[in-house]
Amino acid sequence: MALNRRQLLGTAAAAAAMTQVPRAYAQSDSIVVSSIYDQSGGLDVYGKPVADLVRFAVAEQNAKGGLLGKEIVLKEYDPQSNNQLYAQFAKRTALADKPAAVFAGITSSSREVVRPILRQAKTLYFYTTQYEGGVCDRNIFCTGVTPAQTVQKLVNHTMAKTGKKAYIVAADYNYGQITADWVKKFTLDNGGEVLNTEFFPLDVADFGSSISKIQAANPDFVYSALVGGAHMSFYRQWKAAGMLGKIQLSSTTFAGGNEHIALPAEEYNGHWICQNYLQELPGERNKKLVADFHKMFGEDYPYITELGMGAYQAFLLWAAAVEKAGTVDRMAVIEALETGISVDAPSGRVTVDPATHHTIVDVHVSEARDKQLNLIEKFEQQPPADTSAVCDLINNPDDNQQYVIEL
Amino acid sequence: MDFASILAIEILGSIAILVLISIGLAVVFGMMKVINMAHGEFIMLGGYVTIFGTTHAGLNIWFCILVLSPLIVGLVGLVLEWLVVRHLYGRMIDTMLATWGLSLAIVGLMTMLVGNTTTGISTPLPSVAIGKFSTSGHVFFLIALATFVIIALACLFKFTTFGLTARATTQDANMVANLGGNPRRIYAVTFGLGAALAGLGGGALAPIIGVIPTIGITYIAKAFITVISGGATVIAGNLAATSLFGTINQLFTYWYTPIIGEVALLVCAVILIRLLPQGITGRFFKGTI
Amino acid sequence: MKNPVLNISSLVGVIVLAFAIPYFVEAFTVLNFTVYIIMAILSLSLAFVWGMGGIMVLGHSAFFGLGAYAYAIAAVNFGPGWEAVTLSMLVPATFAALLGYFMFYGRISDIYVGVITLAVTLILFNLINSTSGPQYKIGSAPIGGYNGITAVPTLSWPNGNFIDINGMFYLSVGLLILSYLFIRYYLSTRYGKVTVAIRENERRAELLGYNVAQSKLITFSIGGAIAGLAGCMFANWGSFVGPTIFGLVQSAQIIIWVIVGGRGTLIGPILSCIAIQWMTTQLGMQQVVNVGFVLGIVLTIFVLLVPSGLAPLLAKIPNVVRSRLNGKPKEDVALGSPAEEGQT
């Protein structure tokens with residue numbers, strides 16, 4: 001992986017931040033946490049901001065004096081958008097670093113690679129990305145938003161403004177497949193219909209014929225759950241075929257990979273999205289975070305993404321639980337998190353839901369325009385209703401599976 | 001009716017893309033019996049030249065696609081021919097392996113230089129409406145460009161001294177040398193031409209795809225298979241193979257998914273090679289160029 | 001391998017060394033070494049098919065991947081036992097036999113065989129990569145598309161004990177040695193000698209009345225089975241299989257191991273595979289030089305300057321030293337001739 005200027009600056013700043021820490025730590029007297037996020041390959045658009053926010057969170061905590069008086073040491077791995085490497089690094093970090101917690105995985109497929117490995121290795125796992133919901137395993141905390149929190153709000157919003165006929169394009173792996181099912185369910189619940197659903201493997205970059213198919217079907221709106229660098233071409237080709245503005249496009253993945261920064265604004269203006277976090281959110285807590293983060297990573301940092309914020313908020317929850325438990329011991333920390341621990345985060349209040357190990361958060365419907373995400377509507381304190389319909393770790397603590405939606 | 005015309009355009013577009021990504025390889029294979037596995041990386045480099053030319057240097061996009069990309073990539077091709085390929089003439093498998101090494105090295109080098117991130121530019125062409133459908137104007141550009149490239153190459157091989165000598169070299173390099181020609185230089189120029197054509201293809205495709213250092217892998221297998229299936233006759237073989245594969249790919253993409261389209265293309269190629277081990281032109285269109 | 005005493009003693013040495021390793025290094029180093037050994041089995045299988053049989057397979061990862069998937073799917077359905085292991089070898093061997101029948105009885109030669117195998121592994125990659133939907137399953141095992149198959153049940157010892165990290169290492173070393181001995185034995189049989197004869201001169205072998213297509217088919221299938229075994233061990237190692245094991249990158253790696261090790265030897269590709277992977281891991285830890293860049297340069301340089309690979313080169317050293325000591329130059333001893341292509 002190329003070490004670019006920004007990473008170099010970030011690392012230097014992190015090092016600078018760490019030198020302010022009281023130097024009382026002995027080497028053995030530190031807490032190790034691991035991060036495994038794609039910083040190269042097709043998913044780097046997602047992984048880089050996440051890795052940066054974990055670095056930031058660690059540096060911020062160390063600047064406050066660490067945790068339980070110990071310095072936090074971050075072990076970073078770059079699985080290069082390759083699930084095989086996720087398996088390798090998860091095993092390796094669990095065995096070699098013996099971390100107190102692992103923050104890992106962008107795609108749902110990578111989570112399903114890491115999850116059984118860390119469960120077997122008895123290592124606490126935080127999966128921090130928005131995803132399709134349904135994971136039920138006491139060793140994992142999923143701090144990202146799930147379809148009942150975002151997809152439902154966005155489908156309702158879009159159908160109220162456009163019409164009843166939907167066309168779904170989605171990435172061809174478990175996230176895309178299950179999210180597409182949720183979109184279909186919410187559309188049907190609203191009395192609408194889904195004209196067609198198309199799935200694209202992550203390396204597909206030519207959408208010409210799909211766009212013609214969409215034109216032939218003539219839906220009221222297109223729902224996109226496309227993922228990754230290659231899929232960014234869809235938005236570009238959508239505009240090139242003259243479809244932008246003709247048919248509304250809504251997505252819970254657009255902007256998650258900085259699509260609204262990487263693409264010129266005239267190629268996407270007007271897409272609707274729904275996320276937990278927007279960098280533009282008002283409120284002192286968020287303003288301070290954006291300022292501090294830019295101090296460390298530079299003013300020209302593209303955007304603090306929702307995925308990055310997910311990891312930051314997960315770190316806050318973990319740190320709060322460690323302080324509450326007074327130890328980094330895995331079961332003690334899990335029990336502390338299961339008390340329904342809550343932190344005041346940049347996106348609003350974030351609370352752990354004890355029964356599902358998911359989080360209760362605010363979500364925001366917004367419009368992408370001119371490299372910004374402009375808030376349209378806010379929904380406060382949304383519970384993970386999809387997962388709680390199927391998962392109850394209080395009564396079944398040994399449950400270990402991912403439930404999928406039945407249509 | 002509208003749908004039929006849009007489908008026809010998409011099929012022509014698909015054929016044009018195949019022509020643009022494979023014609024350089026076809027020239028090198030047909031003229032020199034060299035299979036250049038770094039061809040996909042030449043396409044990738046062409047894409048980067050166009051992207052950096054327009055975004056960083058602020059040059060006109062058409063200048064970048066049509067002049068700068070082929071020029072720079074052609075020069076890269078000449079250098080690599082001088083360093084590596086020239087020492088392996090006559091050893092088909094070794095050339096293939098050595099250029100596969102070059103392919104990996106170029107991907108690695110570009111990853112170090114620009115990072116493993118998708119970049120792209122948008123096409124300046126407006127969309128074109130056909131009834132209730134509309135499609136990207138860039139498809140028409142690709143079709144026109146592919147047509148032009150085929151005609152220009154045919155003229156080059158048929159009507160110029162270089163073309164005559166090159167075709168003679170293909171048939172009997174020693175005889176050409178005896179008659180005062182210079183086969184080595186012919187080979188070098190041909191390899192450079194193949195690289196330049198790949199650069200042109202990469203530049204032309206840049207506005208519709210995202211360019212990333214590993215993108216060559218997406219194209220090399222397809223280009224490679226098209227060329228082998230076409231056989232040793234450069235232009236007729238390439239036209240026959242691209243028309244067949246482009247149509248099959250696009251139709252299956254319409255009926256099913258892009259992946260089934262890709263698989264249909266590959267399966268068709270495997271069967272074709274089994275039936276016609278010398279390629280399409282080994283059996284048909286003999287005596288053409 | 002002319003000296004049987006040397007042969008046996010070096011074999012014993014390797015075994016002793018292998019059993020000692022886990023006592024001296026940390027657990028995750030053992031884990032890394034296990035995957036090197038598993039890949040060495042894969043490298044060995046191509047060394048046999050290409051180096052000994054003269055069949056250039058560009059898409060050898062197809063068999064590796066089929067073995068891994070066959071094991072994973074069987075293990076999910078019937079549990080991790082001998083059935084799954086058998087299938088992991090049987091499925092790629094059968095596939096190789098079918099593909100081989102298609103190619104060799106169609107008299108498709110060298111470069112086209114390479115192209116077809118390459119296309120086939122890409123077809124498999126594309127097909128498997130697009131099976132994420134819940135409707136794609138074999139028995140109770142979802143194929144998983146891009147997700148791959150996660151939490152693959154892993155093997156136990158015959159007495160039912162869980163195979164731990166060291167156990168997996170020993171098992172891999174054992175299988176590598178077994179595969180090596182099997183291939184050596186096969187090459188000493190009549191069939192094996194025909195295999196090498198065809199590599200040396202296909203036409204002559206055919207004119208002498210040997211059934212070239214059949215012999216190639218057998219070589220190809222054995223290679224497929226051994227590659228499948230490596231795939232089975234790989235699925236066990238990570239308890240995960242994903243479609244990238246069918247990819248071009250994986251295929252390129254196998255070819256690099258064999259080229260660097262030396263076509264025409266078996267030990268060379270085994271050692272070079274372990275060495276190159278070790279180097280790759282070391283390079284992967286720093287972020288300045290790209291691993292692919294180094295591997296690519298290595299491949300090009302070897303093809304250009306050391307086309308017969310390292311093993312014959314290393315084997316020459318004792319002779320050179322001896323001739324220096326004797327004070328007179330000596331002709332190079334004829335070595336296991338690498339598959340030098342003379343065709344155009």
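**Exercise 1. Determine how many residues chains C and B each bring to their contact, and what kinds chain C supplies.**

Work on a predicted model, where local features need pLDDT of at least 70, side-chain atom pairs count only at pLDDT 80 or more, and totals for chains, interfaces and linings use all residues. Residues are numbered from 1 along each chain as its sequence is written, and chains are lettered from A in the order in which they are written.

Step 1. Count both sides, taking two residues as in contact if their C-beta atoms, placed from the backbone, lie within 7 Å. Chain C gives 36 residues and chain B gives 37 residues.

Step 2. Find the elements; helices are DSSP runs (H or I, at least four residues) and strands are DSSP runs (E, at least two), numbered from the N terminus. On the side of chain C that touches chain B, α5 (110-129), α10 (248-261) and α12 (291-305) of chain C give two or more residues. The largest share, 12 residues, comes from α5(C).

Step 3. Sort that side of chain C by type. It divides into 25 nonpolar, nine polar and two charged residues. Here Ala, Val, Leu, Ile, Met, Phe, Trp, Tyr, Cys and Pro count as nonpolar, Asp, Glu, Lys and Arg as charged, and the others, Gly among them, as polar.

**Exercise 2. Give the strand order of the open sheet in chain A and name its edge strands.**

Step 1. Trace the pairing (at least two DSSP bridges between two strands). Five strands run in the order β2-β1-β3-β4-β6, paired in parallel.

Step 2. Look for strands that pair on one side only: these are β2 (71-77) and β6 (140-142) of chain A.

Step 3. Check one pair. β4 (residues 125-127) of chain A joins β6(A) over three parallel bridges. F126(A) has F141(A) as its bridge partner in β6(A).
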